[in-house]
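Q: Please take a close look at a single buried position in this model. Then place it in the context of the whole chain.

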Amino acid sequence: MSKKRIKEIAIQHFNRFGYEGTKMAQIAEEAGIRKQSLAYHYPSKKDLLLEVYEEVVQEEQQFVQDFLGYSTAEDTLEQKLYAFLLEHKNRFLTQPNVAFMYVLSFIAPLEVHDFVLAQYRTYLGTLKKEVTALFASHEGIRLSPEEATLAFVTLMDGLDIQLVYETRQSYEQAMAITWNVFWSGIQS
């Protein structure tokens with residue numbers, strides 16, 4: 001059994017049962033290994049979560065850099081940012097790693113809170129850097145690139161609440177309303 005498969009199973013369990021409800025014995029059983037074999041790789045549930053969370057954050061940072069850093073001549077700033085929010089929603093709904101990252105960032109167990117917060121801040125730093133670069137390279141925005149980025153990230157945070165605590169439909173409804181307010185509000 002590879003460590004990769006163990007991590008995939010762990011993420012499924014963390015998503016389904018939360019940190020407190022996840023049991024190392026259940027992960028080992030589903031992975032087809034003994035609990036002692038799992039303990040060889042990960043002496044504790046905390047060790048497993050820390051490694052998995054850090055890797056997931058790094059994956060999402062790479063996604064942000066790739067998605068926002070790539071552009072074609074046809075992409076307008078509005079299209080690029082709107083497409084990012086749609087892809088963000090789709091990734092949350094279809095990729096367990098992404099859901100794990102966001103849910104844990106909102107509901108971090110006390111035992112790992114500081115680590116999760118520090119990792120999530122690195123993700124936010126990457127997101128802000130890429131969004132700021134987008135705003136800096138486009139005309140027609142009445143705010144500074146940093147102000148426009150703050151507005152965009154705040155919009156995204158509000159939409160993430162819909163994904164974590166509500167439903168896909170509530171995300172889409174909130175996005176339809178808030179996107180128009182956001183976009184109208186930042187234009188010159």
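A: Start with the contacts of Tyr42. Setting aside neighbours within four places in sequence, Tyr42 is in contact with Lys3, Ile6, Lys7, Met24, Asp47, Leu48 and Glu51. The model is predicted. Tyr42 sits in the loop between helix H3 (35-41) and H4. Its relative accessible area is 1%. Tyr42 therefore counts as buried, since the cut-off is under 20%. One of its contacts, Met24, lies 18 residues away along the chain, and the two C-alpha atoms are separated by 9.3 Å.

Now the chain as a whole. The secondary structure comes to nine helices and zero strands. From the N terminus on, the order is α-α-α-α-α-α-α-α-α. Along its principal axes, the C-alpha trace spans about 60 × 30 × 30 Å. The chain has 188 residues, and 41% of them count as buried. Among contacts with a separation of 6 or more, 68% join residues 24 or more positions apart. The exposed area is about 10000 Å². Carbon and sulfur atoms supply 52% of that area.

Next, the interior. The largest nonpolar core has 59 residues. Leu85, Phe100, Tyr102, Tyr123, Leu127, Phe135 and Phe152 have the most contacts inside this core. Two or more core residues come from each of H1, helix H2 (24-31), helix H4 (45-69), helix H5 (77-94), H6, helix H7 (113-136), helix H8 (145-165) and helix H9 (168-186). H4 gives the most to this core, with ten residues.

Phe152 deserves its own entry. Beyond the residues up to four places away in sequence, Phe152 touches Leu81, Phe84, Leu85, Val131, Phe135, Trp179 and Phe182. Two of these partners, Leu85 and Phe135, are also listed among the core residues with the most contacts.

Last, the open space. The largest pocket holds about 150 Å³. Its lining is made up of Phe14, Asn15, Gly18, Tyr19, Leu49, Phe100, Val103, Leu104, Ile107 and Pro109. By type, eight of the lining residues are nonpolar, two are polar and none is charged. Helix H1 (3-21) and helix H6 (96-106) each supply at least two residues of the lining. H1 gives the most, with four residues. Phe100 appears in this lining and also among the core residues with the most contacts.

Conventions: Residues numbered from 1 in each chain as written. Predicted model: local features only at pLDDT ≥ 70, side-chain atom pairs only at ≥ 80, totals over all residues. Heavy atoms only, no water. 1 Å grid on protein atoms, 1.4 Å probe; cavity = no way out; pocket = protein on both sides within 12 Å on 5 of 7 lines; lining within 4 Å. Points joined across faces, edges and corners; volume = space filled by probe spheres on them. Nonpolar A, V, L, I, M, F, W, Y, C, P; charged D, E, K, R; others polar. Core = buried A, V, L, I, M, F, W, Y, C linked by side-chain atoms within 4.5 Å. Buried < 20%, exposed > 50% of the residue type's maximum accessible area, 1.4 Å probe, protein only. Contact = heavy atoms within 4.5 Å. Areas by Shrake-Rupley, 256 points an atom, 1.4 Å probe, with all protein chains shown as cover.
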